[in-house]
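Reader: I'd like a close look at one part of this structure: where do the nonpolar and aromatic side chains sit? Walk me through it, surface and inside alike.

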Amino acid sequence: MSTLLSSFIYFYLYSYLHKQALRRRQPPPLLSSPAGIGGMRADPPASLKQATGAQTKLGAVDELLIGLLAGVVSKGVVLPISAVCVRQQLASDESDRDHHAEQQPQGLIAALRAIHKEEGLLGLWSALPPSIPLALLPSLTLYIHTVLLRVLLPARHRAHPPGFITFFIGAASNALATLPLYPMIIVKVLSQSGTYRGSQIDTLKKIVHQRGVQGLYQGIQGQLIKGVVQQGVMMLLKQRCVQE
């Protein structure tokens, strides 16, 4: 549910904001008189047409800002579901401490009650601060994908690259975007699990103090594998759908 809602809200809002930004960037339409000298139609020169058509793309900063805004909104909506999911995944920790009784899997209502009891209603959004930089991940991945496509492939192959190239570039772009943001993923999960309380900086300091710098990248292998497969397959399917 979290994945479906997050993806739908993100791409819907991203597409809407992208269209609105392009509309604002486009210059006003050129007016041409219905009849020129001798009844001939007076059209604008071709050079002027090309100049106005060149204003239909957004810069890298605009793309990232739109992606950030769409990501913050989508993550803000699904954070309560994500918090419940993390609590259910970590429910076995308490049973490990108590060997006399086997704990049953924690249900949705039970997880919500536990979060509300410990942190109040705002506990469902305790991971919002570390989620804000993570909102950059989708747009940063797409931006790196565009850069890699432009750097690695000649212009004639960029529209329809081979399948294995599409998968490789999609996987590589996700991995490169995940590496600098992964510590925030750790902070987000710890915030939702209730393990650490305090600001992002305090949590990062505690992780480094207890586990060293490598603690900031604990479990990154699984995250990279998941992202590589997900992004690579997604870009491959997107290319096939466009071609057909």
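**Greasy side chains, outside and in**

Author: Let's start on the surface, where Phe167, Ile225, Val229, Val233 and Leu237 make up a nonpolar patch with about 430 Å² of accessible area together. Keep in mind that this is a predicted model. The biggest contributor to the patch is helix H10 (residues 220-243), which puts in 4 residues. Take Val233, which has its place in helix H10. Val233 counts as partly exposed because its relative accessibility is 36%, and partly exposed covers the range between the 20% limit for buried and the 50% limit for exposed.

Now for the inside. As a rule, in soluble globular proteins nonpolar side chains tend to be buried together. Here the largest nonpolar core has 20 residues, and the ones touching the most other members are Leu134, Leu153, Ile169, Tyr182, Ile186, Leu190 and Ile207. Helix H7 (136-152) and helix H8 (163-193) each bring at least two residues to this core, with H8 giving the most, 10 residues. If you want one residue to zoom in on, try Ile186: leaving aside residues up to four places away in sequence, Ile186 touches Ile207, Leu216 and Gln218.

There's also a second, separate core of 7 residues, and Tyr10, Tyr14, Ala21 and Leu22 are among them.

That brings us to the rings. The structure holds 4 aromatic pairs. One of them is Phe8 with Tyr12, a stacked pair at 6.0 Å centre to centre with 20° between the planes. Why does that count as stacked? Because the planes are 20° apart, and the cut-off for stacked is under 30 degrees. Both Phe8 and Tyr12 lie in helix H1 (residues 2-25), 4 residues apart, which is about one turn of the helix. Phe8 is exposed, with a relative accessible area of 58%, and Tyr12 counts as exposed at 58% relative accessibility.

Another pair is Tyr10 with Phe11, and that one is edge-to-face: 5.2 Å centre to centre, 85° between the planes. How do these two fare, buried or exposed? Tyr10 counts as buried because its relative accessibility is 4%, whereas Phe11, at 41%, counts as partly exposed. Tyr10 and Phe11 also join Tyr14 in one aromatic cluster. So Tyr10 and Tyr14 turn up twice, because a nonpolar core can take in buried Tyr residues: they are in the second core and in the aromatic cluster.

Notes. Residues are numbered from 1 along each chain as its sequence is written. This is a predicted model: local features need pLDDT of at least 70, side-chain atom pairs count only at pLDDT 80 or more; totals for chains, interfaces and linings use all residues. Side-chain values use heavy atoms; hydrogens and water are left out. A nonpolar core is a set of buried Ala, Val, Leu, Ile, Met, Phe, Trp, Tyr and Cys residues joined through side-chain atoms within 4.5 Å. Buried means under 20% relative accessible area, exposed over 50%, partly exposed in between (1.4 Å probe, protein chains only). Contact means heavy atoms within 4.5 Å. Patches are made of residues with over 30% relative accessible area and no salt bridge: like charges are joined within 9 Å, nonpolar side chains (Val, Leu, Ile, Met, Phe, Trp, Tyr) within 5 Å. Accessible areas come from the Shrake-Rupley method with a 1.4 Å probe; for residues, only the protein chains shown count as cover. A salt bridge is a side-chain nitrogen of Lys or Arg within 4 Å of a carboxyl oxygen of Asp or Glu. Rings of Phe, Tyr and Trp (its six-membered ring) pair if their centres lie within 6.5 Å; planes under 30 degrees apart count as stacked, over 60 as edge-to-face and the rest as tilted.
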